[in-house]
Protein chains: 2
Amino acid sequence: MAKTKIVSKQRDAELTKKLILDAAECEFARRGLLGARTEDMAIAADCTRAMIHYYFDSKETLYQLVLERMFSEQAKVAQGFDINQATPPEALERFLRIIMTDLRENRNLPLIMLFEGIQNEGKYYKQIVISAIYEPIQAILERGKKEGVFRSEINSLHTSINIMGACLFYTMSRNNLAHMFDGTPDILNKDLYDVHVDQAIQLILAGVSNSLPS
Amino acid sequence: MAKTKIVSKQRDAELTKKLILDAAECEFARRGLLGARTEDMAIAADCTRAMIHYYFDSKETLYQLVLERMFSEQAKVAQGFDINQATPPEALERFLRIIMTDLRENRNLPLIMLFEGIQNEGKYYKQIVISAIYEPIQAILERGKKEGVFRSEINSLHTSINIMGACLFYTMSRNNLAHMFDGTPDILNKDLYDVHVDQAIQLILAGVSNSLPS
DNA sequence: CGGTTAACTAACATGTTAGTTAGTATGTAC
DNA sequence: GTACATACTAACTAACATGTTAGTTAACCG
């Protein structure tokens, strides 16, 4: 048997903290606050459970920090986006592309938000995060209706939700959908995800636009 | 203090079993297999935890029975649906209406499926359930493309997923979306849900259809 | 080097959860 | 009414989860 010298890994507080946060984010996105196991986080972060309590008070505190980190990332994404730019279809396409592009990185956000609503009645999240996504879409839809480029029968509230459904469902259901792509291990790989984004935008733009020339 | 005679409730094995199954379904839809608490199921079913083990072997067995019951309900819904009926837009509208109408009753199915994929890698579900939903949509989309009534740029796989996203997201996110409807306690109430269904179908049909007359 | 601080670990204490068991109450058949 | 089967409960156990603590090791600085 080969001699294996046990090398203790380098100490790096910042890295360990980040690894724990990353692992916690994944674990919370898998099972929510209550279902998440600190043991599994520790394994994923390659440290002991005690380290979680050394750097973070409790599972709940850690959860709140994970949410905050995720939300502050999200807040930057569409910051300063001008909903009145260009034509309504162009504005809508750009906004959705920004949101979806970010979601490939920030892929745990939709699931954690979903869990948060279902399991904790939204106790820990800030309303503003959801509004930041739906309000611009609703506003663009309203502008488009007013300008006659979007269909007048559209209910902008329901439609903004249905649009987000088309945009988010793919990422959220990645585990269930993988087998439909011949068992591709990660359907968020760039090539496939690009197709998803294009197809979603195509469906949505055609879905809201007036076919008659204005 | 008023005298309160304690009346023991009537014994009814079948009812108790059903109440447990119903409670379990809700609880599994909230937290998944691992996160679900049998204590919470017992409270919801108005019985003791021991009753769960009296009628059902274990939490896992109960979970499998809940899945089976849900799937067999789902299987009936679109049974015998002829994807070649009428025109492709009509067929698509009818199919989606059937699916969405059922989903107001069978409202836990999408969440349980999602959890199942995320948390258990689909260990307990049968592939056939997902196929039963996506395949008809894909087939109708393909027929529509062939007949020239649906846009040729459509990727039927991605689009069927995006369509289901628009259809399912509303029900799945009911907790997160409630505040957008002035905090309506249940956005699956018939009036609001009917609007959702109409708006989703409108978006989808316009989204896939060729604007040019064929 | 030697001493101090901070990162980390192992073992423990405490609380929670699934599952069991021994016994009680209720409806039913004779 | 009494005997019996079955629906049900309370009180338990074993396993597991979170959080704590006392001690160990690595890095850094004089």
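Two residues are taken to be in contact if their C-beta atoms, placed from the backbone, lie within 7 Å. Among contacts in chain A between residues at least 6 apart in sequence, 65% join residues at least 24 apart.

The model is predicted: local features need pLDDT of at least 70, side-chain atom pairs count only at pLDDT 80 or more, and totals for chains, interfaces and linings use all residues. Residues are numbered from 1 along each chain as its sequence is written, while chains are lettered from A and ligands numbered from 1 in the order in which they are written.

**Chain A**

Chain A has ten helices and zero strands, where helices (H or I, at least four residues) and strands (E, at least two) are DSSP runs numbered from the N terminus. Its C-alpha atoms fill a box of roughly 75 × 40 × 30 Å along the principal axes. Of its 214 residues, 41% count as buried; a residue is buried if 20 or more other C-beta atoms lie within 10 Å of its own, exposed if 12 or fewer, and partly exposed in between, with C-beta atoms placed from the backbone.

Helix H1(A) bends by about 85° at A:Ala29, the bend being the angle between axes fitted to the seven residues ending there and the seven starting there. Between its end C-alpha atoms H1(A) spans only 27 Å, whereas a straight helix of 23 residues would span 33 Å at 1.5 Å a residue. That expected span is 1.5 Å times one less than the number of residues.

**Contact between the chains**

Chain A and chain B each give 47 residues to their contact. On the side of chain A, two or more residues come from each of H1 (13-35), H6 (109-120), H7 (127-146), H8 (156-172), H9 (174-177) and H10 (190-208). H8(A) gives the largest share, twelve residues. This side of chain A divides into 22 nonpolar, 20 polar and five charged residues. Here Ala, Val, Leu, Ile, Met, Phe, Trp, Tyr, Cys and Pro count as nonpolar, Asp, Glu, Lys and Arg as charged, and the others, Gly among them, as polar.

A rotation of 180° with 0.0 Å of shift along its axis superposes chain A on chain B, with an RMSD of 0.1 Å. The two copies are thus related as by a two-fold rotation axis. In chain A, the C-alpha of A:Gly207 is nearest the axis, 1.8 Å from it. The superposition is by least squares on C-alpha atoms of residues with pLDDT of at least 70 in both copies. The copies meet through the same surface, because 100% of the interface residues of chain A are also interface residues in chain B.

**DNA strands**

A residue is near a strand if its C-beta atom, placed from the backbone, lies within 6 Å of it.

| Strand | Residues around it | Nearest residues |
|---|---|---|
| DNA strand C | 21 residues | A:Arg11, A:Ala13, A:Ala50, B:Ser58, B:Lys59 |
| DNA strand D | 21 residues | A:Ser58, B:Arg11, B:Ala13, B:Thr16, B:Ala50 |

The surface near DNA strand C has six nonpolar, seven polar and eight charged residues. H1 and H3 of chain A, with H2 (38-45), H3 and H4 (59-77) of chain B, each supply at least two of its residues. For DNA strand D, each of H2 (38-44), H3 (49-55) and H4 (59-77) of chain A and H1 (13-35) and H3 (49-55) of chain B supplies at least two residues.

**Positive phi**

A:Asp182 has a positive phi near 50° without being a glycine. A:Asp182 lies in the loop between H9 and H10 of chain A and counts as exposed, with 6 C-beta neighbours inside 10 Å.
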